[in-house]
Amino acid sequence: MTPEPPTRGSRLGRLAAALLAGVMFWRTLGRRRGSLRPPPPPPPESDFDPARRVVPANRRAETLVAALLALAALFGFAFTLIYALVADNTQLLGIAIGGMLLLLAAAAIIAGKFVVPQETTVEERGKLFDEEETEEVVEMIEAGGEGISRRVLLTGAGGLAGAAMLTAAATPLASLGPTLSGLHQTPWRRGVGLVDELGNPYLAADIQIGSFYTALPEGGDKEGFGAGLLVVRLAPEFLHLPPARSTWAVDGIVAFSKICPHAGCAISLYRYPTYAPTSRTPAFTCPCHYSTFAPGEG
């Protein structure tokens, strides 16, 4: 067979391929030439030394820092006082803790700018940890107090502000347990009637097996810490009270405080077996920590 004569399109394709190959060759040659060139010389080192140290020795700034720390301590202790007296006033609590943090920040800014020495140093980076440099670090820390004439005042104000901050930070921990007032008081006395949330008295016939009821003291403080009772009726096979309390279950009805002794939570779960015979017994359960209590065992 005789080869077909090349068309115009095939000629253009071959020409484009040749041009592309030439461009790639020229680029490769240029890169090789560039790699053989010596690197540019480093820029000349500057003679300017930015290292300096300035000791402010500003008594007015020291007094201002001490005053700010004292005010921060006042706000911090006010937070604890407000929490103890009117714990439900979140606006005052927010103002107290926010004012303390704001004053502490202002004192730190002013102290950093106008009280402690201002130092700029330049040094080469060495090893990240060197035991021989420990003493130098200690000396640098001690040198930070140069120029301060009212160290006792600032130390006392700082300690007072720190104590107030720790007190304010630890105060909300009291919310993890019962309130501080009325902890050992109870509205329950002999003869006090059991009523529901609407004030209607409970009758023995109202207490059904398998359900639990929240009872409140008739005529007493229904918002008190120990006001709530859990009232249930148990079948005879589930009553195993200690001998000293064997007469406490009238018609199988028993009542216990609704407050979990674990952390002061309100018990709101009741488990009662729905079939017999069974090894499970009726139990109260705390929804927070799943502490379980058996009312049939006292």
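What follows is a conversation between a biologist and a modeller about a predicted model of a protein chain.

Biologist: Nice to have this one to look at together. How many helices and strands does the protein chain have, and in what order do they run?

Modeller: There are 5 helices and 9 strands. Starting at the N terminus, the order is α-β-α-α-β-α-α-β-β-β-β-β-β-β.

Biologist: Let's take helix 2 and helix 3. What makes helix 2 roughly antiparallel to helix 3?

Modeller: The axes of helix 2 (residues 59-85) and helix 3 (residues 90-114) cross at roughly 160 degrees, coming within 8 Å. Angles over 145 degrees count as roughly antiparallel, so helix 2 earns that description relative to helix 3. Their crossing is left-handed.

Biologist: And which classes of residue make up the contact of helix 2 with helix 3?

Modeller: That contact has 25 nonpolar and 2 polar residues, with no charged ones.

Biologist: Now helix 5. Why are helix 2 and helix 5 called roughly parallel?

Modeller: Here the axes cross at roughly 20 degrees, again coming within 8 Å. The cut-off for roughly parallel is under 35 degrees, and therefore helix 2 and helix 5 qualify. This crossing is left-handed.

Biologist: Which residues meet there?

Modeller: On the helix 2 side they include Val65, Leu69 and Phe77, and on the helix 5 side they include Leu154, Ala157 and Ala161. By class, the contact of helix 2 with helix 5 divides into 15 nonpolar, 4 polar and 1 charged.

Biologist: I see Leu69 in that list. What does leucine 69 touch, leaving aside neighbours within four places in sequence?

Modeller: Leucine 69 is in contact with Leu104, Ala107, Leu154, Ala157, Gly158 and Ala161.

Biologist: Which members of the largest nonpolar core touch the most other members?

Modeller: Val65, Leu69, Leu104 and Val115 do, out of 22 residues in that core. Helix 2, helix 3 and helix 5 (151-170) each supply at least two residues, and the largest share, 9 residues, comes from helix 2. A second, separate core has 15 residues, including Val232, Val254, Cys265 and Cys286.

Biologist: Let's move to the strands. How do you know that leucine 229 is buried?

Modeller: Leucine 229, found in strand 5, has a relative accessible area of 13%. Buried means under 20%, so leucine 229 belongs in that class.

Biologist: What surrounds leucine 229, not counting residues up to four places away in sequence?

Modeller: Leucine 229 touches Trp188, Tyr213, Thr214, Ala215, Ala255, Phe256, Ser257 and Lys258. Serine 257 is 28 residues away along the chain, yet its C-alpha atom is separated from that of leucine 229 by 4.6 Å.

Biologist: And why is proline 242 called partly exposed?

Modeller: Its relative accessible area is 31%. Since buried is under 20% and exposed is over 50%, a value in between is partly exposed, and so proline 242 is classed that way. Proline 242 lies in the loop between strand 5 (229-233) and strand 6 (253-257).

Biologist: What does proline 242 touch beyond four places away in sequence?

Modeller: Proline 242 touches Glu297 and Gly298. From proline 242 to glycine 296, the C-alpha to C-alpha distance is 9.5 Å, with their positions 54 residues apart in sequence.

Biologist: To finish, what do the totals for the protein chain look like?

Modeller: Of the 298 residues, 24% are buried. Among contacts with a separation of 6 or more, 63% are between residues 24 or more positions apart.

Notes
Residues are numbered from 1 along each chain as its sequence is written. This is a predicted model: local features need pLDDT of at least 70, side-chain atom pairs count only at pLDDT 80 or more; totals for chains, interfaces and linings use all residues. Side-chain values use heavy atoms; hydrogens and water are left out. Axes are lines fitted to C-alpha atoms, for helices over the stretch in contact, and angles run from 0 to 180 degrees between N-to-C directions. Helices (H or I, at least four residues) and strands (E, at least two) are DSSP runs, numbered from the N terminus. Angles under 35 degrees count as roughly parallel, over 145 as roughly antiparallel, 65 to 115 as roughly perpendicular and the rest as oblique. A crossing is left-handed if the near helix is turned anticlockwise from the far one by less than a right angle, and right-handed if clockwise. Ala, Val, Leu, Ile, Met, Phe, Trp, Tyr, Cys and Pro count as nonpolar, Asp, Glu, Lys and Arg as charged, and the others, Gly among them, as polar. Buried means under 20% relative accessible area, exposed over 50%, partly exposed in between (1.4 Å probe, protein chains only). Contact means heavy atoms within 4.5 Å. A nonpolar core is a set of buried Ala, Val, Leu, Ile, Met, Phe, Trp, Tyr and Cys residues joined through side-chain atoms within 4.5 Å.
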